[in-house]
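Grab a pencil and have a look at the fold below. A few short exercises follow, each with a solution worked out in steps.

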Amino acid sequence: MQDKILVTRSSMPPYEEYIEAIKPLWETHWLTNMGQYHRELEERLKEYLGVPEVSLMVNGHMALELAIQAFDFPAGAEVITTPFTFISTTHAIVRNRLQPVFCDIKPEDGTMDETQIESLITDRTVAIVPVHVYGNVCNVEKIQEIAAKHHLKVIYDAAHAFGVKYKGQGIGNYGDVSVFSFHATKVFNTIEGGAAAFSDSGIYKKLADLKNFGIRGEELVTGIGANAKMNEFAAIMGLCNLNHISYYIEERKKRFEVYESGLAKIKGVRLLNQEKDTIRNYSYMPIVVEDEYPMSRDELYCKLKDNNIFARKYFYPLTSDQDCIRNQCKEAELKCARRISERVLTLPFYPTLGIEVINTILRFIGNV
């Protein structure tokens, strides 16, 4: 029995680099509350992502939840979103006392099917929350066209899309806000963390209030807020990891290409498409197990697990099918989303994953 091969592994800078970087904290004792490194990381992320404004958060979920809250939508209003996503996307909508309306996805890339959005719009619709799934870019032009026509806000869940560029622009430039996750498992991490990217400086002020209890001064609190500030240790981890992000993505690309070449030879297994004109970040290694494959997705998952290869059914079930959501939302057919959810499997994938390990995984998938 071989050692465990986990589905992901956190990228970390050299130990000495991080230790040296955090030493000043023992002199200043300034560990949180938007300190020097928090401010520095915001500036560097604006440059790297190519966006006008960035607001750092304690995690990606709070970034999305507060970004939605910043628009002051009326309670009970409807938000069109995708069920093929991590539960955080749906929770952020519901926790804002809004009603998620689920739109089906496209089978080729897993993103929201923009051709179905308009049929879901009612007089209660206020926003669209699409997801750049696995870093696959949504049809941002068509979504923006629909949003403009119906006077809707667009808030992208870009948790998987850090560093992705579309038509020469950082993905954070699309929509009213784009939200990134810097969780330990992501392409870029700050241990835990996240950020909202946008162009309207007014949103920065609103998010500054929302993530710090609405505090405007020592004796002034102007609104109801949360505590969603990123601490200095996390910010420094982000600064260090940003020094190596090009290397991380290049190593991911090499491993993706090994997988891609091997999987092309296996009947009944396919990859999702990537939008043309896109610079990728190679965030995940999802496969879709089709009917032509000799066993089901679940059987393949168990076979890999029995051999200490830990893949993930990501995303399954659909968020619309979860117990906490199912009875609160409008019935939706979601044929494509349900089909993909029952067949998708993300394989082990990270920058330090050995090429020989990938070949071992490919042999297990190919020899059934």
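The exercises deal with a predicted model, and they go from the inside to the surface and then to a sheet.

**Exercise 1.** Find the largest nonpolar core and work out which helix gives the most to it.

*Solution.* Start with the core itself: it has 76 residues. Next, look for the residues with the most contacts inside this core, and you land on Leu45, Tyr259, Leu263, Leu347 and Ile365. Now turn to the helices: helix 8, residues 232-242, gives the most, with seven residues. Finally, don't mix this core up with a second, separate one of 27 residues, which includes Leu66, Phe73, Ile155 and Leu207.

**Exercise 2.** List what Tyr259 touches, leaving out residues up to four places away in sequence.

*Solution.* Going up in number, you pick up Met285, then Leu347, Pro348, Phe349 and Leu353. Carry on and you add Ile358, Ile361 and Leu362.

**Exercise 3.** Is Ile215 buried, partly exposed or exposed?

*Solution.* First, place Ile215: it sits in strand 10, residues 215-217. Its relative accessibility is 37%. Buried means under 20% and exposed means over 50%, so Ile215 counts as partly exposed. Together with Phe213 and Val221, Ile215 makes a nonpolar surface patch of about 260 Å².

**Exercise 4.** Which strands stand at the edges of the 12-14-15 sheet, and why is one side of each left without a neighbour?

*Solution.* Write down the order, 12-14-15, for this open, antiparallel sheet. Strand 12 (269-270) and strand 15 (344-346) are the edges, because each has a single partner strand. Then zoom in: strand 12 pairs with strand 14 (residues 286-289) over two bridges, and Arg270 has Val288 of strand 14 as its bridge partner.

Key:
Residues numbered from 1 in each chain as written. Predicted model: local features only at pLDDT ≥ 70, side-chain atom pairs only at ≥ 80, totals over all residues. Heavy atoms only, no water. Core = buried A, V, L, I, M, F, W, Y, C linked by side-chain atoms within 4.5 Å. Buried < 20%, exposed > 50% of the residue type's maximum accessible area, 1.4 Å probe, protein only. Helix = DSSP H or I, 4+ residues; strand = E, 2+ residues; numbered from the N terminus. Contact = heavy atoms within 4.5 Å. Patch = residues over 30% accessible without salt bridge, like charges linked within 9 Å, V, L, I, M, F, W, Y side chains within 5 Å. Areas by Shrake-Rupley, 256 points an atom, 1.4 Å probe, with all protein chains shown as cover. Salt bridge = Lys/Arg side-chain N within 4 Å of Asp/Glu carboxyl O. Pairing = 2+ DSSP bridges.
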